[in-house]
Amino acid sequence: MGKLRSKVALASAGTVLLASAAVAAAVPAGAAAAGCSVNYAVSSQWPGGFGANVTITNLGDPVTDWALTWSFGAGQTITQAWNTTLTQSGPAVTARNVSYNGAIPTNGTTSFGFNGSWTSSNPAPTSFAMNGVACTGSTTPTTAPPTTAPPTTAPPTTAPPTSPPPTGPADITVNTGTRYQTVDGFGAATHIWGGTWSTAETQTMVGLGPNQLGLSIIRTGISPESGEWPTQVNSLRTAKSYGSNVKILASPWTAPAAWKTNNSRNNGGKLRTDYYDDYGNHLNSYVQYMRNQGITIDVTSVQNEPDWHPDYDSMDWTGTELRNWVRDHGTRVQNTRLMVAEAVNMNYSYTDPTLNDATARNNIGYIGGHLYGLEASGRLGPYNLANQHGKPVWMTEWNLHEADGSGSNIWGNPSNQTVWNETLDDIMRTVHRSMEASWSAYIWWYGKRYYSFIGDGEAAFGTTAGAPLKRGYAFSQYAKYVRPGYQRVALTKSSKASPLEVTAYTGGGKTTLVILNRSNSAVNNAIIQAPQNVTRAEHYLTSQNANAASQSVSVNGSQVSVNVGARSISTVVLTP
């Protein structure tokens, strides 16, 4: 479905641009590192331009400030940078820390990113040095070893001083004693009509590594023609085997034409009652076919958008008809859980009849609905009847891309402000609101599209096929770190944190927070009060100029301090 909800994103994005073309200065005195490693990754590339993330790991003694140097080999030029002060002279580049990320403890990391331009090619640099020491992945003594053994002395009776820890009242307090929905996941749809994801594209979608998006639900279509079922086998099998606890949702758009009142796959038309049993057997045949290919179909929808009758695959139902089919024929579909009803704006009249009938209710596992017009209808909130009967609510489709206006070539530029405004103010805001509404899943429309999570290579819009896009990095702030089985928990905020939209989760032995800052001001030194002492804290941020970039974090017992950038979405992961 390609419907759009009309809403223009008006907020402006803050910029953290610190690039220049000045001559590189000398590294800071007395700050030599004993060893380091560098991960340089091109996060996206388009004709004449690219974005990159750089992560430094300090393998030696702690440093309080750093300067990383390298040289480009093909005339690349840096045009923007974030989380660093960056200078370039010819091919030579020096990236220095900014005020909040200079300290790197032993085995600690820090990250920054930039956009650049290229002409004939864009090879990655091959050698880096931090504070004048080559980053070879090993340590090097900064002074010659002594020729005689040093004298032994008693160890100090007090610990050496440390940098000031976070102290004072908390700005975000996590309360794991109050729990809400269990999260089933975050996902996107494969191609419904023709086409498929390649193995590499599927791995980018579901993987948990660098520049992968961590999706945990893949939605696919059930064609009325069984000869079309093999098309998605390889991508679905890859998703199941490569990803972590990935679920598959299969949705039919229509029954075979001969079973419908209009004898057509298109323009709605109802399923004839004398074919109700055949439709159950049809859905079951699909599930068993995929099962024989090694693919479990975790959730099977009865119908995609029973209230929408376009001139492509579609089929019309009422809520009463759905209840009757589920009650009388739902058990024909085995080895899966059924879902109703994926109405355009989660219209309860399509799901209440099933929930109110004990037999029908027992034959389903999930309630589904789409986000088109849902906020205007007042239903972007808890579905009390579904919650009463223990049926998780999934948002299974939304598609919005008004940012391109008349079709301008903007989607391949990761720092485009209009794209970022729509992503943050519309897409990510509705993910946040869906979680606050106690829904268990959020599934976007096509995952591979120029306006989506990975590019499709369509020339008019400037994306690279299979390369992660800004919207994908933003969505991964939920998908990659809030995993299936996590539970949303309560939190409270101080007035300082009032601009922030925050949800918190517990699972996998960790506490995870996702923070939207849609204001034009950073919220620095925001203190998070965890439910227990923290031994490891991670902070990742996506903004107009950063792609899931690692951020500095300070820890003191059960308190953690983070800087939440303006116009950004962050994830903070706390390990006890």
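Rings of Phe, Tyr and Trp (for Trp, the six-membered ring) count as a pair when their centres lie within 6.5 Å. With that in mind, welcome to this predicted model, which holds 31 aromatic pairs. A pair of aromatic rings is described by the distance of the centres and the angle of the planes.

**First stop.** Select F50 and F114. Their rings meet edge-to-face, with 6.0 Å centre to centre and 85° between the planes. Now show the strands: F50 lies in strand β2 (residues 49-58) and F114 in strand β7 (residues 109-117), so this pair ties together parts that are 64 residues apart in sequence. Are these two residues buried or exposed? Both F50 and F114 are buried.

**Next stop.** Move on to Y450 and F461. Here the rings are stacked, at 3.6 Å centre to centre and with 0° between the planes. Y450 and F461 each lie in the loop between β18 (441-446) and α10 (470-479), so the parts tied together by this pair are 11 residues apart in sequence. Colour by accessibility if you like: Y450 and F461 are both buried.

**A cluster of rings.** Go back to F50 and F114, and add Y40, W66, W70, F72, F112 and F128 to your selection. Ring pairs link these residues, with F50 and F114, into a cluster.

**Charges over rings.** To finish, pick R488 and Y180. The charged end of R488 sits over the ring of Y180, 4.1 Å from the ring centre. Then select K470 and W420, where the charged end of K470 sits over the ring of W420, 5.9 Å from its centre.

How values were computed. Residues are numbered from 1 along each chain as its sequence is written. This is a predicted model: local features need pLDDT of at least 70, side-chain atom pairs count only at pLDDT 80 or more; totals for chains, interfaces and linings use all residues. Side-chain values use heavy atoms; hydrogens and water are left out. Rings of Phe, Tyr and Trp (its six-membered ring) pair if their centres lie within 6.5 Å; planes under 30 degrees apart count as stacked, over 60 as edge-to-face and the rest as tilted. Helices (H or I, at least four residues) and strands (E, at least two) are DSSP runs, numbered from the N terminus. Buried means under 20% relative accessible area, exposed over 50%, partly exposed in between (1.4 Å probe, protein chains only). A charge sits over a ring if NZ of Lys or CZ of Arg is within 6 Å of the ring centre and within 35 degrees of the ring normal.
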